[in-house]
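Dear colleague,

Please find below the structure that I am handing over to you. My findings follow it, and I would ask you to read them with the model open beside the text.

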Amino acid sequence: MDNDIKTSAEALEASAMPHLHETHTDPDQSSPDPSAIKAPEGPKSAARWAYERLILYIQNFEKQLDNEHEVAMGFAGGEAGVIRIEGMGYFDPDIITFYGTDPTGAKTQLVQHVTQLSVMFRALPKQTQTQEPNRIGFRLAADLDKDDVTT
């Protein structure tokens, strides 16, 4: 806990600093590392709201899948195509990021402004012959619950 006394200007400046948060199926996956990331001290940003709601949609979609399929996203308006979701994050105040692989197996990352967010969930066959499919929605929600996104 920070016991420093802050002026109102310092508190306002701190609340405006960007905050980055990501979760991936691969725990060793790297994320961008901005030099001054602070937990939001005020209301949630548009990016955080979008991130949390996307988690709910992903979890709901995954509940409808059998053990042979995993969630992927299709992106409207452009050539982005479909990616198997392997990670998702946000960068305050207004950026959402999606990490994964495309149908050819190429590593893919999409960075999108929240005002342009338009996704379609798709069920793709599992890539590996494991017993259980990857359920990113569960992983994202668990990460969000364990810590109020402080870095």
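Strands E4 and E5 run antiparallel and are joined by 7 bridges. Please keep in mind throughout that this is a predicted model. One pairing to locate is that of Phe-98, whose bridge partner in E5 is Leu-110. The two strands E4 and E5 form a hairpin with 5 residues between them, and in its turn Gly-105 has a positive phi of about 95°. As background, most residues other than glycine have a negative phi, and most peptide bonds are trans.

E4 also pairs with E3: the two run antiparallel, and 7 bridges join them. Here Ile-85 stands opposite Gly-100 of E4. E3 and E4 likewise form a hairpin, with 3 residues between them. How many of the 7 residues of E4 are buried? The number is 6, so the strand E4 is largely enclosed by the rest of the structure.

The loops at either end of E4 deserve separate attention. Pro-93 lies in the loop between strand E3 (82–91) and strand E4 (95–101). The peptide bond that joins Asp-92 and Pro-93 is cis, with omega about 5°.

In the other loop, between E4 and strand E5 (107–113), you will find Asp-102. Is Asp-102 buried, partly exposed or exposed? Its relative accessible area is 24%, and because buried means under 20% and exposed over 50%, Asp-102 is classed as partly exposed. The side chain of Asp-102 makes a polar contact with that of Thr-104, at 2.6 Å. Leaving aside residues up to four places away in sequence, Asp-102 touches Val-82, Ile-83 and Thr-108. With Ile-83 the separation along the chain is 19 residues, yet the C-alpha atoms of Asp-102 and Ile-83 are 4.5 Å apart.

Next come the salt bridges, of which the count is 2. In one of them, Glu-70 is paired with Arg-84, and the closest N and O atoms are 3.2 Å apart. Glu-70 belongs to strand E2 (residues 69–75) and Arg-84 to strand E3, so this pair ties together parts that are 14 residues apart in sequence. Both partners count as buried: Glu-70 has a relative accessibility of 9%, and Arg-84 has one of 10%.

The side chains of Glu-52 and Arg-48 also meet in a salt bridge, with an N to O distance of 2.4 Å. Where do these two residues lie? Both are in helix H2 (residues 46–63), 4 residues apart, which is about one turn of the helix. Glu-52 counts as buried at 14% relative accessibility, and Arg-48 is buried as well, with a relative accessible area of 6%.

Helix H2 itself has 18 residues and reaches 26 Å from its first C-alpha to its last, close to the 26 Å expected at 1.5 Å a residue. Its buried residues include Ala-47, Ala-50, Tyr-51, Leu-54, Ile-55, Ile-58 and Phe-61, along with Glu-62.

When you go through the model, I suggest beginning with E4, which is joined to E3 by 7 bridges and to E5 by 7 bridges. The salt bridge between Glu-70 and Arg-84 and the one between Glu-52 and Arg-48 may then be examined in turn.

Yours sincerely,
A colleague

Notes:
Residues are numbered from 1 along each chain as its sequence is written. This is a predicted model: local features need pLDDT of at least 70, side-chain atom pairs count only at pLDDT 80 or more; totals for chains, interfaces and linings use all residues. Side-chain values use heavy atoms; hydrogens and water are left out. Buried means under 20% relative accessible area, exposed over 50%, partly exposed in between (1.4 Å probe, protein chains only). Contact means heavy atoms within 4.5 Å. A polar contact is a pair of N or O atoms within 3.5 Å; within protein, one must be able to donate a hydrogen and the other to accept it, and residues adjacent in sequence count only if both atoms are side-chain atoms. A salt bridge is a side-chain nitrogen of Lys or Arg within 4 Å of a carboxyl oxygen of Asp or Glu. Two strands pair if DSSP finds at least two bridges between them. The expected span of a helix is 1.5 Å times one less than its number of residues.
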